[in-house]
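Me: I would like to learn how to read strand pairing and burial in a model. Please take one case at a time.

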Amino acid sequence: MLKIVESTNRRAVKALLSPERSRDAATDRRVATIVSDVRRKGDRALLKYARSLDGLTGPIEISRPEMQTAAATVSKSVRAAIRAAARNIRAVATRQVPRSWRVGVTAGVSVEQRVIPLDRVGCYVPGGRYPLPSSLLMTAIPAVAAGVRDVVAVCPRPEPVVMAAAIEAGVSRLFRLGGAHAIAALAYGTESVPRVDKIVGPGNRWVASAKALVASDCGIDFYAGPSEILLLSSNGDPAWIAADLIAQAEHDPDARAVLITPNRKLAAQVATEVAARMPADGPARLSMKRHGGVIVTRSPAEAIALANAAAPEHMVVDDEATAAQIKCVGSLFVGSWTAQVAGDYAIGSNHVLPTAGAARVRGGLSAADFVRQVTVQRVTRAGLSRIGGSVIDLARAEGLHAHAESIVVRLGDLSGPPLDSARGDLSDSRRTKGRTRPTS
């Protein structure tokens with residue numbers, strides 16, 4: 001069932017690690033219609049799509065008493081697990097919030113960074129095959145930790161366990177909405193759903209398409225594709241590796257689960273374990289058949305190179321020495337006891353991660369995604385005299401003479417003598433010239 005390919009088979013390796021991801025034009029067109037309708041017609045269109053696509057029969061917003069009543073039906077052990085996971089996620093998210101600072105660039109010139117929370121964010125929680133309270137925890141808790149005032153969550157069919165997670169995470173409002181119409185409502189606002197500054201959270205192709213469409217008007221986390229795991233191992237436990245591959249494959253028929261190893265014997269053992277452990281139903285069998293595999297490399301170094309080139313969503317490695325050589329990954333799990341599944345729930349790290357190679361340029365969702373980092377500049381007259389010559393010279397070099405004039409009008413034409421390289425400021429003659437206002 002689990003195909004084993006040689007690293008020299010470039011076509012097979014590319015199929016496993018760098019699949020072509022093409023947008024579905026028909027989905028994009030349908031999504032564009034839905035988003036446009038909700039943007040123009042508000043609740044009238046939103047309710048139409050919610051009833052026809054989500055099966056909505058009651059009100060779209062879930063009241064706090066209704067959430068509390070539903071949450072009370074969740075077993076004590078699951079509620080305790082939600083609290084424990086939330087505590088760990090909160091501890092990590094709190095450390096992720098960027099800090100404010102102020103630096104003196106030179107005498108009379110300072111730059112400050114202010115960290116300001118977004119006013120309102122929207123968290124999308126899928127409501128398909130299984131309820132996903134963990135997705136709500138992973139999106140809402142970092143927002144609250146960052147200081148976001150209003151956290152709005154949407155889920156097409158929120159089960160009681162999702163409502164329990166919403167309460168624990170500090171969600172302000174929860175709506176029975178899903179799909180492209182939910183994204184449109186969050187991005188543009190309706191009579192019932194407030195407009196948000198940013199939308200985060202995973203979803204199906206309709207959600208991904210809608211997020212991409214509204215991204216020019218509303219912030220999003222990233223375009224998320226099917227989930228991925230890459231295990232990089234030379235001497236791991238075959239049964240544990242097989243269990244990790246199958247766990248990832250059960251997310252979705254399009255999920256990707258791959259082992260890279262220089263150990264041919266391990267490759268065969270893992271393939272045997274996967275066949276023995278594969279569940280009789282669910283998406284894992286189809287996912288593994290389409291997108292699962294083992295790549296046998298000629299050396300550990302080649303395995304690491306392939307792993308970095310793939311830039312997967314999740315990667316599991318044997319040891320710290322290997323981990324030190326990994327540069328491109330959404331989230332890295334070190335050692336056989338660090339099960340990737342634990343990261344989905346309770347380690348405290350975030351499981352909303354970049355897919356399809358996007359880990360080459362960014363990591364996963366964090367509290368830093370929910371703040372504005374605003375720079376504040378302060379310059380005195382003496383400070384401007386120190387940097388003014390450089391500003392004028394650079395502006396004129398770019399042909400932006402009005403830019404230069406903005407400095408000249410304050411300090412005079414400073415384009416004469418050069419900067420005093422030893423002191424890093426203007427020579428006495430230039431400072432003197434700068435005290436004279438230009439005449440008309």
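Reply: Start with pairing: two strands pair if DSSP finds at least two bridges between them. This is a predicted model. In it, Leu259 stands opposite Val294 in S12.

Me: In which sense do S11 and strand S12 pair, and over how many bridges?

Reply: S11 and S12 (residues 293–296) run parallel, with four bridges between them.

Me: Which strand pairs with S11 over five bridges?

Reply: Strand S10, residues 228–232, pairs with S11 in the parallel sense over five bridges. Among the contacts, Glu228 has Arg256 in S11 as its bridge partner. Between S10 and S11 the chain passes through helix H10 (residues 238–249), and this β-α-β crossover is right-handed.

Me: How many residues of strand S11 are buried?

Reply: Buried means under 20% relative accessible area. In S11 (residues 256–261), six of the six residues are buried, so the strand is largely enclosed by the rest of the structure.

Me: Which residues of S11 lie on one side and which on the other?

Reply: Arg256, Val258 and Ile260 are on one side, and Ala257, Leu259 and Thr261 on the other. Both faces are covered, as these residues are all buried.

Me: Now a surface case. Which residues form a nonpolar patch with Val103?

Reply: A patch takes residues with over 30% relative accessible area. Here Trp101 and Val105 join Val103 in a nonpolar surface patch, with about 270 Å² of accessible area together. Val103 itself belongs to strand S3, residues 101–106. Its relative accessible area is 38%, so Val103 counts as partly exposed.

Note on methods:
Residues are numbered from 1 along each chain as its sequence is written. This is a predicted model: local features need pLDDT of at least 70, side-chain atom pairs count only at pLDDT 80 or more; totals for chains, interfaces and linings use all residues. Side-chain values use heavy atoms; hydrogens and water are left out. Patches are made of residues with over 30% relative accessible area and no salt bridge: like charges are joined within 9 Å, nonpolar side chains (Val, Leu, Ile, Met, Phe, Trp, Tyr) within 5 Å. Accessible areas come from the Shrake-Rupley method with a 1.4 Å probe; for residues, only the protein chains shown count as cover. A salt bridge is a side-chain nitrogen of Lys or Arg within 4 Å of a carboxyl oxygen of Asp or Glu. Helices (H or I, at least four residues) and strands (E, at least two) are DSSP runs, numbered from the N terminus. Buried means under 20% relative accessible area, exposed over 50%, partly exposed in between (1.4 Å probe, protein chains only). A crossover is right-handed if, with the strands pointing away from the viewer, the path from the first strand over the helix to the second runs clockwise.
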